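Colleague: I should like to go through this model with you. May I ask about individual residues and then about the overall fold?

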Amino acid sequence: MDLMKLFPPPTIEWAVLMPFLTVVATGLIVMLWDLFVPLKTATVRVLLSLIGLGIAIFFVTKLWNAQPTNTFYNSILSDRLSVATNIVLLAATALVILFADGYLRERKSNYPEFYPLILWATAGAMLMISTTDLIIIFLGLETLSIALYVLAGLCREDRRSEEAAIKYFLLGAFASGFLLYGIALIYGATGSSSIADIPVAWQVAGQNAQTMLIAGTCLLLVGLGFKAALVPFHMWTPDVYQGAPTAVTAYMAAISKTAAFVTLIRFLAAAAPMHEVWQPILTVLAVLTMTVGNLLALTQTDVKRMLGYSSIAHAGYLLVGVLAGDVNAVIYYLIAYSLMTVGAFAIVGLSAKGGQEGSSYADMRGLWKRAPFAATMMLVFMISLAGIPPTAGFFGKYFLILAAWQHNLIPLAIVLAVNSVISVYYYLRLTVAMYVDEELVEREKPTLSPGLIIATLACAVGILYVGLNAGNIQQLFAIPVGG
């Protein structure tokens, strides 16, 4: 018996796999380098990580104008959506690594495992958004999640960091169970792990199979809703954001949200014939997520918790774009949100000193006097998060509201607009603390590392550039799902 005929080897398009393989290999190189050449500083780790990410971005851009391609038994997909979001993931990871070194040194938690773990987490996110196979989605999600569980508890001497890690792990494992059970039910109904087979199965399946599809879809939405921090699966977010090291929080906010929403876009595009089932559910979740996130953010006294609830509200905004079916508006907003949130958390991390971190509003008082550059950068990020022109945040919300209005989701457009107005209060409150309020106690001037200056400046310039060139960016990322 010819085993090659019985088990034919997969056709592999190496160009499609190279960005993912480059990130994985970079993580291995960084880990092995530190194992054989112990370093007192993280400079080489940072440089190796950035070089690897730069090479991965180069490989991704080579796929920009290529035709949509499936490879490795049709489990890995390269199309315009995966290419665009891979660039967002890789660039956001590079920005986090740039400012993380100085922050982790101040926290006295500059452990070498941070860099390979964050690279492998990115590889997991890349896997999630570059497939239409449910098994590969699960593998990517778990690769991302397991690395984040460890990273959340990186500050081992800090009780809050340990608490964040265990809380994230327990709730994340629970959500993964929902996701995996949903995948099993969808497989049982369709006989395939590919989401591309859902439309056919829905049309020809009997009542029992349709019931399994509905149950599987609901369970899968629970798993993705946890990762995207949608209400009511959001309770972990403020606690984990507050307890985890700020560099990890910045990464988590940008990368997890991007991976979850792109995966959701792909799944809902395949499950379009079932829209009467999931659309009402997600509409209610969008309203709850926007409203609960903003109202609870109003009451916070800790900046990281405020930004945690703010991220929940932004997840609701993004869900409006998903429901409207406007992929371009969602991708544009993900770009803007990644720049805003990474930059904001980078500035919050400046409060770390002598192994401790303070992230209350009181810690941000008088920042203008102690660090004018940092306060100016934070002002740009707050203005953009609030949606004030001409920043990317303003145009991102405008595109989402316009998409909802054009697709007759007028109530959602109104709720989004009202919630955007509500959010201005707590962003303005932080701005007042930095520029107007006097310090309660005299504090040392924070040390701005070169990496932090470069990262925050890149975020601020990116926010203004993406905002002032909103039309061109929208045209550049003209993304049909599956193409």
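Colleague: Which helix holds Val-284?

Modeller: Val-284 lies in helix H12, which covers residues 275-297. Please bear in mind that this is a predicted model.

Colleague: How accessible is Val-284?

Modeller: Val-284 has a relative accessible area of 47%. Residues count as exposed over 50% and as buried under 20%, so Val-284 is classed as partly exposed.

Colleague: How far is Val-284 from Leu-412 in space?

Modeller: Their C-alpha atoms are 9.5 Å apart, although 128 residues separate Val-284 and Leu-412 in sequence.

Colleague: Where is Val-461, and is it buried or partly exposed?

Modeller: Val-461 is found in helix H20, residues 450-468. Its relative accessibility is 49%, and Val-461 therefore counts as partly exposed.

Colleague: What is the distance from Val-461 to Ala-152?

Modeller: From C-alpha to C-alpha, Val-461 and Ala-152 are 29 Å apart, with their positions 309 residues apart in sequence.

Colleague: And what about Phe-169?

Modeller: Phe-169 belongs to helix H7, residues 159-190. With a relative accessible area of 38%, Phe-169 is partly exposed. Its C-alpha atom is 32 Å from that of Ser-384, a residue 215 places away in sequence.

Colleague: Is Ala-209 buried or exposed?

Modeller: Ala-209, in helix H9, is buried, with a relative accessible area of 18%. The cut-off for buried is under 20%, which is why Ala-209 falls in that class. The C-alpha atoms of Ala-209 and Leu-185 are separated by 9.0 Å, and the two residues are 24 apart along the chain.

Colleague: Let us turn to the backbone. Which peptide bonds are cis?

Modeller: One of them is the bond from Val-231 to Pro-232, with omega near 10°. Another is the bond from Pro-389 to Pro-390, where omega is near 5°.

Colleague: Where do Pro-232 and Pro-390 sit?

Modeller: Pro-232 is placed in the loop between helix H9 (207-228) and helix H10 (236-243). Pro-390 is in the loop that connects helix H17 (372-386) with helix H18 (392-406).

Colleague: Which residues other than glycine have a positive phi?

Modeller: Ala-229 is one of them, with phi near 65°. Asn-408 is another, with phi near 60°.

Colleague: Where are Ala-229 and Asn-408 in the fold?

Modeller: Ala-229 is in the loop between H9 and H10, the loop in which Pro-232 is also placed. Asn-408 is in the loop between H18 and helix H19 (410-435).

Colleague: Are Ala-229 and Asn-408 buried or exposed?

Modeller: Ala-229 is buried, at a relative accessible area of 1%. Asn-408 counts as exposed, because its relative accessibility is 64% and the cut-off for exposed is over 50%.

Colleague: Now the interior. Which residues touch the most other members of the largest nonpolar core?

Modeller: They are Phe-114, Leu-319 and Met-378, in a core of 167 residues. Helix H14 (residues 327-348) gives the largest share of this core, with 18 residues.

Colleague: What does Leu-319 touch?

Modeller: Setting aside residues up to four places away in sequence, Leu-319 touches Leu-230, Phe-261, Leu-264, Leu-282, Leu-285 and Ala-286.

Colleague: Which residues form another core?

Modeller: A core of 5 residues lies apart from the largest one, and its members include Val-16, Leu-17, Leu-127 and Ile-136.

Colleague: How many helices and strands are there in the whole protein?

Modeller: The secondary structure comes to 21 helices and 2 strands.

Colleague: What radius of gyration does the protein have, and how does it fit a compact globule?

Modeller: The protein has a radius of gyration of 22 Å. A compact globule of 483 residues would have one near 23 Å, so the two values agree. Along the principal axes, the C-alpha atoms fill a box of roughly 75 × 60 × 40 Å.

Colleague: How much of the protein is buried, and what supplies the exposed area?

Modeller: Buried residues account for 58% of the 483 residues. The protein exposes about 18800 Å², of which carbon and sulfur atoms supply 68%.

Colleague: What share of contacts joins residues at least 24 apart?

Modeller: The share is 80%, taken among contacts between residues at least 6 apart in sequence.

Colleague: Finally, how many charged side chains are there?

Modeller: There are 25 positive and 25 negative side chains, and the centres of the two sets lie 5 Å apart.

Definitions and conventions
Residues numbered from 1 in each chain as written. Predicted model: local features only at pLDDT ≥ 70, side-chain atom pairs only at ≥ 80, totals over all residues. Heavy atoms only, no water. Helix = DSSP H or I, 4+ residues; strand = E, 2+ residues; numbered from the N terminus. Rg over C-alpha atoms; globule rule 2.2 N^0.38 Å. Buried < 20%, exposed > 50% of the residue type's maximum accessible area, 1.4 Å probe, protein only. Contact = heavy atoms within 4.5 Å. Areas by Shrake-Rupley, 256 points an atom, 1.4 Å probe, with all protein chains shown as cover. Lys, Arg positive; Asp, Glu negative; His and termini not counted. Charge placed at Lys NZ, Arg CZ, Asp CG, Glu CD. Core = buried A, V, L, I, M, F, W, Y, C linked by side-chain atoms within 4.5 Å.
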